[in-house]
Amino acid sequence: MPLSLSPPPIRFDESLEHVEPDEAETAEQLIETLTGINQTTLEHEKHAHRSVHAKSHALLTGELIVPDDLPRELAQGIFARAGRYGVAMRLSTVPGDILDDSVSTPRGMAVKIFGVDGDRLPGSEGDTTQDFVMVNGPAFSAPTAKKFAGTLKLVAATTDRAEGAKKALSAVLRGTERLVEAFGGKSATLLALGGQPETNPLGDSYFSQAPLRFGEYVVKVSIAPRSPNLTALTDAELNVNGKPNGLRDAMIEHFAREGGEWDVRVQFCTDLETMPIEDASVPWPEEKSPYIDVARIVVSPQPAWNEARRLAIDDGLAFNPWHGIVAHRPLGSVMRARRIAYKVMAKFRAHHNKVAIHEPKMVDELRL
């Protein structure tokens, strides 16, 4: 049965991307700033963490299930045929330093799917994984990599400094953000600086924010709570004051007794004016193109975080939207900048932590 979308999805074409002449220079600026964040946290923590999304709160394994009745428009890339794939999931918060959870910042979800067939993206030849890297907001904090490079310098200047001041600022910003939301808005700047509402991350929906190819089409990807025990946590308050690792503690408690299910969804680009490819800061209007389910992720009860999982997933894996197949090629300025920057950052962690970061063929290869 064909998918009913009006207007119909725009077909992928190379001409949809517009590469700026100074993008290589922008990538170098990003790498320089990210490396500076890495160096700062390495000196303090004596361990090389990610320069963004440094602190993990849950490190999970599960299964991606693709149904056998998808319409042709949805049966694209890894969703082209029914199947079951092992997955590893990492839930985190955005900053590059390891902060008390009372400094409330946006949350991330990175998913690595194992055993994927298909023509590979440059730099991932020989691998069989597909990564999706997401944050709990529908749009990126900056329109382009160049704009993001500027704001990242401001973030870098606050890395690993004055955690007490960050806690106080976070409390003020949360109040300001509630006021903004009461009038129907949402401020990416306030959220990034510590204004993220103190809710349970397991109830959040996560978004690729920037677009990617979806076989014949172009989409943004999202993962949203499906099972009642997760949807019940959407906007549920979670007080972590006095609990430096309160988010992690909540996830450990949850998965010790029950699992969870998420829907994997795509939002088709149907209008290049309101759904731009090169401006990642623009949320694509859902009234024009709603998110549509293409698969689900099932996670069983398990230890959500421990030392073995930290070594295997935090230190042993790198999540990068360019780990994948050509049919899911990342698109736009922000995504293009990630291609080199993420690779360099992974090498930094591998070198200083004296570990081999690799792409396992199957989820069972992780030593959990």
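## Helix α1 and lysine 46

Lysine 46 comes after helix α1 and has a positive phi, near 60 degrees. The model that shows this is a predicted one. Helix α1 itself covers residues 23-45, 23 residues in total. From its first C-alpha to its last, α1 reaches 32 Å, close to the 33 Å expected at 1.5 Å a residue.

Several residues of α1 are buried: Glu23, Thr26, Ala27, Leu30, Ile31, Thr33, Leu34, Ile37, Asn38, Thr41 and Leu42. Among them are the charged residue Glu23 and the residue Asn38.

## Arginine 309 in helix α7

Helix α7 runs over residues 307-315 and contains arginine 309. This arginine is buried but forms no salt bridge. Aspartate 364 has the nearest side chain of opposite charge, and that side chain is 10 Å away. A salt bridge needs a side-chain nitrogen of Lys or Arg within 4 Å of a carboxyl oxygen of Asp or Glu, so the pair does not qualify.

Beyond its neighbours within four places in sequence, arginine 309 touches Leu59, Leu60 and Thr61. Its other contacts outside that range are Gln302, Pro303, Ala304, Asp314 and Leu368.

## The protein as a whole

The protein has eight helices and nine strands. Of its 368 residues, 56% are buried. Among contacts with a separation of 6 or more, 78% are between residues 24 or more positions apart.

The accessible surface is about 16100 Å². Carbon and sulfur atoms account for 55% of that surface.

Note on methods: Residues are numbered from 1 along each chain as its sequence is written. This is a predicted model: local features need pLDDT of at least 70, side-chain atom pairs count only at pLDDT 80 or more; totals for chains, interfaces and linings use all residues. Side-chain values use heavy atoms; hydrogens and water are left out. Helices (H or I, at least four residues) and strands (E, at least two) are DSSP runs, numbered from the N terminus. Buried means under 20% relative accessible area, exposed over 50%, partly exposed in between (1.4 Å probe, protein chains only). Contact means heavy atoms within 4.5 Å. Accessible areas come from the Shrake-Rupley method with a 1.4 Å probe; for residues, only the protein chains shown count as cover. The expected span of a helix is 1.5 Å times one less than its number of residues.
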